[in-house]
Amino acid sequence: MDKERKLLIAGNWKMNKTVAEAVSLVEGLVRELSNVKEVDILVCPPFTALYAVSQKILDTQIRLGAQTMNENNYGAYTGEINAGMLKEFSVRYVILGHSERRQYYKEDDALIAKKALAAHAAALKPIICVGETLAQREAGQAEAVIGKQVEGSLAGLSADQMEETVIAYEPVWAIGTGKTATSAQAQEIHQFIRKTLAKMFGEAVAKKVRILYGGSVKPANARELMSQPDVDGGLVGGAALEVRSFSDIVKNSI
Ligand code: PGA
């Protein structure tokens with residue numbers, strides 16, 4: 001596929017996979033995908049499997065990401081993990097503000113913006129998630145909600161930092177539900193996000209930023225979604241948990 005920006009296909013493993021299971025999954029992915037250079041490939045295991053997975057992807061094209069991090073450097077934040085700790089495992093990316101974090105852990109745009117700054121300070125690339133609920137879409141508020149999330153979550157980033165930031169559009173109603181946004185719905189929102197970025201950071205920066213689609217991405221719908229001009233990759237949940245389905249999504253996106 002001839003794209004303006006190199007596609008990034010990221011697997012968000014969420015709270016799944018023991019170390020042994022994570023190793024077996026990543027070994028399969030290395031077997032299937034080690035020669036793929038056309039798209040960037042990222043896996044985001046749970047914290048407990050980061051080290052083991054990092055050892056299996058040395059000298060491969062597969063990159064490592066985390067699913068969240070704390071915005072502080074060190075200190076009395078029981079249960080939390082900071083950017084420096086992630087860097088020890090060769091983590092390059094960190095998902096921030098996933099809708100599950102927004103919903104269950106009350107993360108808001110201001111907190112996500114602090115986390116994004118902390119990630120950049122450690123040279124980690126944030127993948128910042130935005131997306132509307134079904135009620136918001138049905139009330140005609142999708143763009144208003146997403147515009148506010150984009151502005152709030154990216155507040156304070158410099159243009160240089162924005163170029164090293166990834167956005168993921170994940171309609172909440174499409175996550176884990178089997179309902180995918182149509183490629184036209186995805187394109188419409190991706191284009192809107194890019195326009196918002198252009199207003200905030202200028203046209204040149206907006207053109208460089210990768211905007212991923214997430215929400216029930218499967219091998220069967222990957223090609224159609226990825227062929228949209230403003231869709232620059234996918235953030236894959238359920239289908240990232242099996243070698244076959246994740247590899248097929250990557251291959252169908254090329
Ligand atoms: P899903 O999850 O692919 O299972 O819908 C996507 C995500 O939440 O990142």
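The following exchange concerns the ligand site and an aromatic pair in a predicted model.

Biologist: Which residues lie closest to the ligand, and how many surround it?

Modeller: The ligand is surrounded by 13 residues, and the closest are Lys 14, His 98, Glu 170, Gly 176 and Ser 216.

Biologist: What makes the approach of the Lys 14 side chain to the ligand a polar contact?

Modeller: An N or O atom of that side chain is 2.7 Å from an oxygen atom of the ligand. The cut-off for such a pair is 3.5 Å, so the pair qualifies. His 98 also places a polar side-chain atom 2.7 Å from a ligand oxygen. Ser 216 contributes a polar backbone atom, 2.8 Å from an oxygen atom of the ligand. Of the 290 Å² that the ligand exposes when taken alone, the protein buries 96%.

Biologist: What is the make-up of the shell around the ligand by class?

Modeller: The shell comprises seven polar, four nonpolar and two charged residues.

Biologist: Why is the aromatic pair of Tyr 104 and Tyr 105 called edge-to-face?

Modeller: The search of the whole structure yields three aromatic pairs. In the pair formed by Tyr 104 and Tyr 105, the centres are 6.4 Å apart and the planes meet at 85°. Centres within 6.5 Å make a pair, and planes over 60 degrees apart make it edge-to-face; the pair therefore meets both criteria.

Biologist: How do you know whether Tyr 104 and Tyr 105 are buried or exposed?

Modeller: Tyr 104 has a relative accessibility of 53%, and Tyr 105 has a relative accessible area of 51%. Exposed means over 50%, so Tyr 104 counts as exposed, and so does Tyr 105.

Methods: Residues are numbered from 1 along each chain as its sequence is written. This is a predicted model: local features need pLDDT of at least 70, side-chain atom pairs count only at pLDDT 80 or more; totals for chains, interfaces and linings use all residues. Side-chain values use heavy atoms; hydrogens and water are left out. A residue is near a molecule or strand if one of its heavy atoms lies within 4 Å of it. A polar contact is a pair of N or O atoms within 3.5 Å; within protein, one must be able to donate a hydrogen and the other to accept it, and residues adjacent in sequence count only if both atoms are side-chain atoms. Accessible areas come from the Shrake-Rupley method with a 1.4 Å probe; for residues, only the protein chains shown count as cover. Ala, Val, Leu, Ile, Met, Phe, Trp, Tyr, Cys and Pro count as nonpolar, Asp, Glu, Lys and Arg as charged, and the others, Gly among them, as polar. Rings of Phe, Tyr and Trp (its six-membered ring) pair if their centres lie within 6.5 Å; planes under 30 degrees apart count as stacked, over 60 as edge-to-face and the rest as tilted. Buried means under 20% relative accessible area, exposed over 50%, partly exposed in between (1.4 Å probe, protein chains only).
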